[in-house]
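Reader: I've got a two-chain model open on my screen and I'd like to talk it through. Can we start with where the chains meet and then work through the rest?

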Amino acid sequence: MSLIEKSAKQLLADLSARSVSAVEVTEAYLTEIASHDAKVGAFLRVDAEGALAKARDIDQRRALNQPVGHLAGIPVAVKDILCSRGEVVTCASRILEHFAAPYDSTVVAKLKAADAVLIGRTNLDEFAMGGSTENSAFHVTHNPWDLSCFAGGSSGGSAASVAARMAPLAIGTDTGGSIRQPAGLCGITGLKPTYGHVSRYGVVAFASSLDQVGPMARTAEDAALLLETIAGHDPLDSTSVHSPVPPYSEWIEQPLEGLTIGLVREHFGPGLDEEVNAAVRDAIRIYESLGAKVKEVSLPHSKYAVATYYIIAPSEASSNLARYDGAHYGYRTDERDMLAELDAQRKALEAAGDKKAAAQLDTALVRMYRRSRSEGFGAEVKRRIMLGTYALSAGYYDAYYLKALKVRRLIRQDFDKAFEDVDLIAGPATAAPGYKIGERADDPLAMYLLDLYTVSANLAGIGGIVFPCGFSQAGLPIGLQLQAPPFEEDRLLRAAHMFQRATDWHTRRPALT
Amino acid sequence: MSDTPYTIVIGLEVHVQLATQSKLFCGCSTQFGAGPNTQTCPICTGMPGTLPVMNRRAFELSLRTAVALNCQIAPFTKWDRKQYYYPDLPKGYQISQYDLPFSSDGYVEIADAKGRFKPKRVGIIRAHLEEDAGKSMHDEKAGQADSRIDLNRAGTPLLEIVSQPDMRSPAEAKAFLEELKLLLTYLGVSDCNMQEGSLRVDANVNLHLTDERGEKIATPIVEIKNMNSFRAVERALTYESARQYDVWQETRQKLGDVPKQTRGWDDTANVTHGQRHKEESSDYRYFPDPDLVPVTVAAEEVERVRAELGELPAQMRERLEKTYGINAYDSDVLVNQGRELVSYFVDVADTCGDGKVASNWVQQDVLRLLKELGTDIEAFPVRPWALADLLKKVKAGEVDTTRGREVFALMVSAGKSLEEAMQELGIEKVDESALVELCKQLIAANPKLVADVKAGKMQAAGAFVGQAKKANPNVNPARVREICLELIAAM
Ligand SMILES: [Zn+2]
């Protein structure tokens, strides 16, 4: 088996047995990146030099029998929204194109401490806003299974990098499904942990109350390895929870006994693609064959989830993105041009005798903010900032934001109630097996519906995992989603592993030539 | 105040910088005067991805203050984002408290020892914690506008205390501020240094008056900013009330006719002047900060804080007046000097057994010497019991007041003990029989004075005292006078 076919778990075993070196592993992945990424576009930047230096350091320490970390020598691709000291973190936005973070995010610090080899920074929708990675200011990420299709988003770069064997593990973030949806579309395993289980410190905020960092991998076992490395309470994040981090990868072999799986009545309505429906139902039958019981449950407020999400997320985003104003860091408009333009406008108005209009012109400062933001942000980001600004403005706050918070509570209560009867909720990850690039780019509302099955988990704060459960006729992966009560990541990973032991969907590899 | 045709109505907003070592949401130092941007980190400069974590100490200090202000403490309190654009506001929002402040509905009692107003209670609407913004510095030399931002102050914990519009004169406003400052000092929650911006005051002012038709009206509210001392507050309010009356007579504008105006105080020109409206609109789009977990305060915690407050100025004044029989003016002077001086006074008074004498000596002699030495009471070389011993001797007539001062001066300047100082000055107790003997000699030697006393010219007795002191500086003047009068009466 070639190095890139091996799971992270197998690679770790080989590395510690010294049957392979970290440099060999890193080189194997760098070779894949060199061969395929021009077509896939998963990475924004690849740090070959840094990765090899780290790999050499690990090999040296192993040779000297010095201690090494939990992921020593395993390449990890990181979504370009997590800060890493001294490195550019663009969030796929022009406004941060040249911004180097002065500090490490907690997750990156933990990966460094675990001796992971940080191989490169992956593409995303600008500031993680979008479900297709078409909203990146730099380039689109293509689905490795069909290069004419998008990889999903916003963690599309991370998903594609793992699917195309350009990295064994990747870090994504999930605000409304941004790990699970591209994992489903790219045929890999992606887990969104319970809100507060992984530190958000150093993760450039999109919607603070929804964002969560999580692992993306080819198998549940590998996702477990990565999760146990990055999870846990962080004193730098007051919303991170004091919850123990079990040794997920050790416990994963134990199958779940007497499992009751819930099927959500509302998940199988109109709009669900027939192939997806069939694959998901087949997957449920596999669980039944493994001894699970199936029960129908209802999440009556789930029909409001997308609407609720598109009030709360833009509201928080409008506030979180206010700091990109051209004053402190990041992109600033050409001030000389801007001042000249302002001056010319004032003179023209004064010459025309319109003193009132001249007096109402922006001040230089306001003009600087406006132009910096207009030039620095892409269309989707601007759309969401406007939505959020509107929803939070005086007179609309109660009708939109406050109402959304109330519905959010009802959505959480639906889950609490459902989990009284079942251990896990199973269902489709996406309504269809994938879309052509550009197919829906002009229809933001259709794009927002991509989050239909994933967004409730973010609103409720619970965890969810997506992994492949079949393929469409066209050869695109189909994802199954499992959701569990808060802090039951162990249950999610063990259930996914049970499935992956019984099936081989997760071992299939896109034919990139 | 009945000498004006209107009533001035004043509410104050006080921003207090809490005496914490570090900022409200990060570990940066809050020390004043460091080089620009040397006390900053990714968190307080609002770098992408950073998160705030609340400084427990800042919350404790503000809780202590709120309890001392007799406020209700909310069991659940959240943080809100107040959003506006300004270059010295790094995140594009300020973390503050909006609709659920951690404390509300308190009060402060104020009184005036000079009797300019009757003692009253000024309501506190709310007190809440928030972070400070940075500072913009504009350098416009050589025609080139150059603006620089110093974010050292960004994230410094501020306690905003908002009073009810309960004050009816500039003197009341000043008294409120002085009482508040004293309270904050007693609590040790702020250094209250107005020059360094630790205490900033904004005033909301308008007038209530009755127009020609007998209708009661209110003038538009004006907010006055940039007042750098309590004296400036008093003067600004005096100026502003007169100005508003003039404007009213000219324009007849009432409350609601024009939007609230902001005026700055120019301490040199002694006027308030209109300020340009801020760039941003007033819709701050407040919403709960999703990066910070709500703070819950248990009733037991409030009780613990209350129990640990110690005696506050108002209670202390009352105790001094009751226990030591001193008047309101004297207790005010003592309490205004701070907890340490009061405890010095109490030790002196308890040991010498005379509150009034102790009060006089502490207020006059101790305070004067502290000022001369440029030190505080904790470093004062004479401990309270030593002063009390001296006062006992003064009261017992062993040392007269004038000589007592000389003794005290020597104890302070040379660090001598009471006995050493008295010895050095040659003060020793004059035996009663020797004193009587001396008086007899003086009477025998001064028949003219004796005649004068007998004729009722009591001031002649003073001459005996003078002569006695010349003969022996240690004699007790009062006793000499008494003995002489007794002897003459018996003649
Ligand atoms: Zn800081």
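Reader: How many residues of chain B are in contact with chain A, and how many of chain A are on the other side?
Author: Keep in mind that this is a predicted model. Contact here takes heavy atoms within 4.5 Å. On that basis the chain A side has 41 residues, and the chain B side has 32.

Reader: How much area do chain B and chain A bury between them?
Author: The size of an interface is often given as the accessible area lost when the parts come together. Of the area buried between chain B and chain A, 59% is on carbon and sulfur atoms. The total comes to about 2900 Å².

Reader: What about charges: which residues make the salt bridge between chain B and chain A?
Author: The count between these two chains is one salt bridge. Its closest N and O atoms are 3.1 Å apart, and the cut-off is 4 Å, so the pair qualifies. The partners are Asp291(B) and Arg200(A).

Reader: And which elements give two or more residues to the side of chain B that touches chain A?
Author: Polar contacts between chain B and chain A come to 17 residue pairs, both residues being at pLDDT 80 or more. On the chain B side, the elements giving two or more residues are strand 4 (80–83) and strand 16 (287–288).

Reader: Moving to the whole structure, how far apart in sequence are the parts that Glu5(A) and Arg509(A) tie together?
Author: A search over all chains finds 72 salt bridges, and one of them joins Glu5(A) to Arg509(A) at 2.9 Å, N to O. Glu5(A) sits in the segment before helix 1 (8–16) of chain A, while Arg509(A) sits in the segment after helix 18 (489–502) of chain A, so the pair links parts that are 504 residues apart in sequence.

Reader: Are Glu5(A) and Arg509(A) buried, partly exposed or exposed?
Author: Buried means under 20% relative accessible area and exposed means over 50%. Glu5(A) has 22% and Arg509(A) has 37%. Because both values fall between the cut-offs, Glu5(A) and Arg509(A) are partly exposed.

Reader: What separates Asp365(B) and Arg368(B) in helix 8 of chain B?
Author: These side chains form a salt bridge, with the closest N and O atoms 3.4 Å apart. Asp365(B) is buried at 2% relative accessibility, whereas Arg368(B) is partly exposed at 39%. Because they are three residues apart in helix 8 (residues 355–373), the separation is about one helical turn.

Reader: Helix 9 of chain B has a pair too. How exposed is Lys392(B) there?
Author: Lys392(B) meets Asp389(B) in a salt bridge of 3.7 Å, N to O. The two are three residues apart in helix 9 (residues 384–396) of chain B, so about one helical turn separates them. Asp389(B) is partly exposed at 32%, and Lys392(B) is partly exposed at 40%.

Reader: Which residues do salt bridges with shared partners join into one network?
Author: For this one, look at chain A. The network's members are Glu341(A), Asp362(A), Arg367(A), Arg370(A), Arg371(A) and Glu375(A).

Reader: What does Ser456(A) touch, leaving out residues up to four places away in sequence?
Author: Ser456(A) lies in helix 17 (residues 455–460) of chain A. Its relative accessible area is 5%, so it counts as buried. Its contacts are Ser302(A), Ala305(A), Ile411(A) and Phe415(A).

Reader: Which elements do the buried residues of helix 4 of chain A pack against?
Author: Those buried residues are Thr106(A), Val107(A), Val108(A) and Leu111(A). After the helix comes Asp115(A), with a positive phi near 65°. The packing partners, also in chain A, are strand 2 (75–79), strand 3 (117–122), strand 6 (169–174), strand 8 (212–217) and helix 7 (220–230).

Reader: Last one: which residues make the nonpolar surface patch of about 290 Å²?
Author: One member, Tyr396(A), is found in the loop between helix 14 (379–392) and helix 15 (398–421) of chain A. At 34% relative accessibility, Tyr396(A) is partly exposed. The patch is made by Tyr390(A), Tyr396(A) and Tyr400(A).

Key:
Residues are numbered from 1 along each chain as its sequence is written. Chains are lettered from A and ligands numbered from 1 in the order in which they are written. This is a predicted model: local features need pLDDT of at least 70, side-chain atom pairs count only at pLDDT 80 or more; totals for chains, interfaces and linings use all residues. Side-chain values use heavy atoms; hydrogens and water are left out. Patches are made of residues with over 30% relative accessible area and no salt bridge: like charges are joined within 9 Å, nonpolar side chains (Val, Leu, Ile, Met, Phe, Trp, Tyr) within 5 Å. Accessible areas come from the Shrake-Rupley method with a 1.4 Å probe; for residues, only the protein chains shown count as cover. Helices (H or I, at least four residues) and strands (E, at least two) are DSSP runs, numbered from the N terminus. Buried means under 20% relative accessible area, exposed over 50%, partly exposed in between (1.4 Å probe, protein chains only). Buried area is the accessible area (1.4 Å probe) that two parts lose on being put together, summed over both. A polar contact is a pair of N or O atoms within 3.5 Å; within protein, one must be able to donate a hydrogen and the other to accept it, and residues adjacent in sequence count only if both atoms are side-chain atoms.
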